[in-house]
Amino acid sequence: MSDITVNTPLTSGSEHRAAPISAIGPVAWLRENLFSGWLSTAVTLVLGYLIIRAVMGFVDWAFINAIWSVPLNANGVAQTQACRELHGSGACWAVVTEKHRFMLFGTYPYEQHWRPAVVCLLFIGLFIVSAMRRFWNWTLIPIWMVTLTAIGMLMWGGVFGLPFVQQERWGGLPITLILSTFGLAFAFPLSILVALGRRSNLPAIKVLCVVYVELIRGVPLISLLFMASVMFPLFLPEGMNIDKLLRAQIAIILFAGAYLAEVVRAGLQSLPKGQYEAADAMGLSYWQKTGFIILPQALRMVIPPLVNTFIGFFKDTSLVLIIGIFDLLTAGKTAIVEPAWQGFGVEVYIFVGLIYLVFCFAMSKYSQGLEADLNRHRRR
Amino acid sequence: MKQVSRHSVFRMLGAAVVASVMALPAWAQPAGGSPTLDAIRARGTLVCGVNSGLAGFAQPDSRGEWRGFDVDYCRAVAIALFNDPSKVRFVPTTAQNRFTALQSGEVDMLARNTTWTLSRDTSLGFDFPAISFFDGQGFMVKASLGVNTARELDGASICVQPGTTTEQNLTEWARAARVTFTPVVIERLEEVVGAFVAGRCDAFTTDVSGLAAVRSAQANPAAYTILPDVISKEPLGPLVRHGDQAFADLVRWTHFGLVAAEEFGITAANVQQMTANDARPEVQRMLGKTGDLGKMLGVDPAWLARIIASTGNYGEIFARHLTPIGIQRGPNALWTTPGGQQYAPPFR
Amino acid sequence: MSDAIVDPRYRRKPPKRPLRLSWADERIRGIVWQVLVVGVVFGIIYWLWSNTVHNLEVRRIATGFGFLHREAGLPIAEHLISYEPTDTYLRALTVGVLNTLKVAVIGVILATIIGTFIGIARLSKNFLVSKIAGFYIEVIRDIPLLLQLLFWYTILQGLPGPRQSFHPVEGVFLSNRGLRMPSLVWEGAHTATVLSVVAGIVLAWLYGRHARALQMADGQPRRIWPAAVALIFGLPVAVWLALGAPWTIDWPAMRGFNFQGGMAISPEYAALLTGLVTYTAAFIAEVVRAGIQSVGLGQWEAAQALGLRSGSVLRLIVLPQALRVIIPPMTSNYLNLTKNSSLAVAIGYQDIVSIANTTLNQTGQAIEGIAIIMAVYLTISLSISLFMNWYNARIALVER
């Protein structure tokens with residue numbers, strides 16, 4: 001192996017003979033990967049049979065026997081008899097056809113639905129821009145600030161001739177995106193401070209940070225959400241009031257802050273000591289050292305686990321269902337409260353699940369690719 | 001260099017502190033330290049806590065407008081204060097967070113079929129100005145089950161919402177009636193109803209009015225039976241924070257005004273004409289033609305006339321929201337009819 | 001940074017410089033910063049606390065844990081210890097904690113087993129097996145757990161009613177009321193039997209240690225298994241027989257509305273357990289995969305060169321080494337499972353969150369209720385962390 005140089009031109013074809021077809025062709029692949037022994041063959045056959053059965057059953061249910069729409073009666077109530085007569089042999093996608101706008105945008109005024117739709121696109125655009133390495137510098141901060149402001153203006157309205165929409169009427173996918181993205185945007189700086197504090201050699205600050213991180217990580221998110229929902233109002237002086245969504249947002253920020261702090265701390269720890277010492281030797285102050293030397297390197301290194309943590313928050317925002325905030329999952333559940341649609345939960349959950357899946361899958365593929373990329377860089 | 005950087009650090013820190021202090025009032029909506037009424041007036045809207053979705057009592061319609069019996073009570077108070085039924089913001093609350101929402105001032109009043117009990121009146125720090133709806137707890141079963149009385153439910157699974165008086169009534173009744181049951185405890189109304197409809201439990205228990213609302217919302221209401229047994233008293237009404245008598249008075253007399261209007265035959269249709277022509281002294285006082293009852297409550301003299309013109313009297317509100325879902329007047333009829341308990345003290 | 005390796009000659013403390021009251025002195029700066037930060041944090045806490053005290057007073061909200069001894073009046077469907085609605089809130093909350101532990105402990109065990117299998121399957125040479133495992137891991141990890149729980153609960157609610165229940169084997173009924181199975185009528189003799197199994201395991205372990213010590217001394221290998229079998233199986237059977245060999249089976253039967261008798265698994269518990277286990281198993285699978293891959297290829301090849309079969313390679317060579325990589329992330333997955341069990345409240349399983357929630361609702365004492373929830377989870381989390389750290393330390397010791 002080692003004596004073959006890559007640069008050798010493969011001109012003299014007569015000297016090399018291709019491996020026999022039985023060793024490299026599709027048959028060989030099959031034998032290698034599916035039928036390499038009697039046990040493997042048996043497993044392949046059994047699994048193959050089960051997969052074919054399951055896929056056929058699913059196709060039957062989801063496509064062939066499915067009902068895609070149902071007529072409405074005079075009062076605008078859906079006639080779901082056709083769906084009920086299937087008795088589970090086919091999916092009733094009509095519930096999705098009928099309710100998809102409600103599930104995506106909740107009780108937002110119907111004729112204004114383009115606004116949350118644009119907001120969702122803005123969020124996706126923001127994610128894509130943030131994912132591009134050419135923007136991994138200070139320009140990202142103004143980009144985020146401008147986009148988040150635009151999102152706020154679109155959702156609330158009241159400017160540029162957009163009618164004002166009360167926050168109580170927001171719902172669906174925008175809420176999920178708002179809670180997770182704003183959560184990240186605010187938790188991130190907090191987490192950097194906490195991570196630095198936890199590695200600080202000032203004992204009081206260190207203790208505070210450790211207590212904060214361990215306390216938050218020791219309890220379930222739902223208890224923090226309960227706290228935000230029922231306890232937080234008691235903490236504030238009389239007459240001061242913070243609305244429900246913002247309270248949940250604060251709980252999510254506090255929660256995310258603790259988890260992100262651990263991610264950032266891992267990045268700080270992974271930096272070679274020489275970096276700290278070199279910065280000290282240059283006579284940089286603590287903040288100069290941190291801001292110019294340590295953080296830029298450490299944060300770059302923690303981006304893949306950061307994305308993974310973000311995927312976690314994105315999923316965890318669904319917990320606000322329990323305190324009655326109208327996110328994507330709550331909207332999906334509310335859609336099947338209407339008696340006509342009761343009993344079609346599976347279809348709705350598949351629809352909502354697919355939306356989460358698309359977002360999380362894209363992010364997790366991105367983070368895997370990035371991880372491989374960064375590691376390659378380091379290996380060189 | 002070092003000097004400069006230290007300064008900038010301080011400046012940043014200072015800026016952060018100032019920014020956070022400035023940001024605080026931006027998040028917060030001041031509600032005033034003084035009584036609720038001042039705060040509502042300053043804000044320009046009444047904030048009313050309602051059920052997150054109970055047919056007949058509070059439910060957003062297809063256009064997202066809130067409708068229902070409790071909702072009309074909120075609107076009536078808004079009209080008394082602002083002469084505008086749209087000057088009210090509805091905050092859907094769950095059985096769990098309703099009390100903290102009121103305690104914390106997130107809402108000004110709660111009109112959310114809440115039972116008046118001694119402990120809620122005292123240790124939770126509330127006042128119940130009036131009983132807008134006399135209710136009792138009952139059971140609903142699937143008709144196919146063939147159950148006729150609650151005592152036949154021995155051994156059944158019963159769906160119930162936790163944290164309500166319903167749950168405690170159920171256990172007390174079961175003990176007294178020597179009925180054993182398996183509880184299926186689910187917090188959200190939609191989910192507990194879903195579980196009942198799916199057959200997870202044999203019976204569903206809540207206030208009879210709630211049962212009727214749930215039953216009427218089903219695709220096939222005839223498939224469900226509400227059992228005749230009523231196992232508790234459930235006086236439902238709006239509630240306000242303790243220690244704000246002026247606001248409590250306004251809510252109380254809004255309710256009495258609606259009841260008295262029905263008693264005197266004042267309706268949305270004839271209120272204009274009655275104000276002008278009716279010679280009965282009490283009617284004249286109520287509608288603000290004579291006397292200064294409105295001023296005593298701190299509102300406009302014609303407050304009640306405007307409420308009735310907009311929402312109708314108690315009977316009209318009831319007929320609009322509750323009769324269609326199969327709830328009889330029963331004890332909620334006027335005291336002048338047999339069995340009726342709705343009674344308004346004199347407007348004098 | 002203080003843990004840097006220092007040349008022993010410099011171990012002596014540097015001479016203490018007198019503190020200069022100046023901003024240029026690093027120590028003074030440190031003290032000022034700490035006082036500032038601690039002051040701000042405690043200031044905020046004090047502000048929130050005084051607000052709360054004031055609010056509680058003004059709003060006449062009762063405080064204190066006196067309610068724990070009042071009658072709860074709330075019905076609980078599943079309880080490991082006897083419970084009546086007439087019992088106190090304290091007992092109700094204890095039942096809730098036990099219900100949480102019931103789902104967490106069984107969930108951790110099942111998730112570990114299933115996750116390990118999937119993680120190994122992910123590395124299978126069989127294309128189909130590894131792709132299915134990969135698909136499972138990817139899909140499950142990308143969908144919120146709450147959604148999955150609701151999904152499972154909906155599926156279980158879709159089962160037929162008790163009168164039309166599936167009835168695959170005598171005494172086993174599957175319906176939308178859950179799974180009913182025959183159960184053993186528990187008597188004192190059974191407790192004694194179980195205790196003797198435990199005793200047998202302990203004795204067998206002691207015997208094994210003794211035998212190994214002897215082997216170390218004289219080099220003679222000794223057979224352990226006959227004594228172990230006798231201790232672990234023989235002893236309990238002997239105890240059971242000696243106590244009269246009680247054996248009564250409680251068969252479930254349809255009476256009135258529901259099945260009576262036997263052992264029941266409620267749909268709520270089943271949905272929660274299924275959701276938690278399938279979800280956590282996907283994460284554990286990834287941990288196991290990473291752990292196995294962390295073992296160098298040379299270890300595999302060397303083991304194969306010794307002629308070990310692939311199962312034995314895994315069991316004897318790879319897993320013991322992989323465990324060191326696996327244990328720390330496994331700990332956090334166990335913690336996550338336990339914390340995620342709090343989602344039970346969404347599907348009506350009465351765990352500690354659900355019961356504390358009801359309690360705070362009935363008593364109106366939100367602060368106490370949430371404090372209880374947090375204290376319980378902190379205790380459980382810390383116990384799991386401590387145990388896993390201890391185990392991790394033990395495993396790490398094996399490394400020489």
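The domain bounds used here come from an automatic or database domain assignment. With that in mind, let's walk through this predicted model, starting inside chain A and then moving out to a neighbouring chain.

Chain A splits into domain 1, covering 109-164, and domain 2, covering 173-325. If you place a point at the C-alpha centre of domain 1 of chain A and another at that of domain 2 of chain A, the two are 23 Å apart. Where the domains meet, domain 1 of chain A contributes seven residues to the contact and domain 2 of chain A contributes six residues.

Now look at the domain 1 side of that meeting point. The elements giving two or more residues to it are helix H6 (114-131) and helix H7 (140-156) of chain A. H6(A) gives the most, with four residues. As for chemistry, this side of domain 1 of chain A has seven nonpolar residues, with no polar and no charged ones.

Next, let's turn to the contact between chains C and A. Here 46 residues of chain C are in contact with 43 residues of chain A. On the chain C side, at least two residues each come from helix H1 (26-58), helix H3 (127-141), helix H4 (145-157), helix H10 (344-347) and helix H12 (366-398) of chain C. If you want one helix to begin with, try H1(C), which gives the most to this side, with twelve residues. By class, the side of chain C that touches chain A has 32 nonpolar, ten polar and four charged residues.

Definitions and conventions
Residues numbered from 1 in each chain as written. Chains lettered and ligands numbered in written order. Predicted model: local features only at pLDDT ≥ 70, side-chain atom pairs only at ≥ 80, totals over all residues. Contact = placed C-beta atoms within 7 Å. Nonpolar A, V, L, I, M, F, W, Y, C, P; charged D, E, K, R; others polar.
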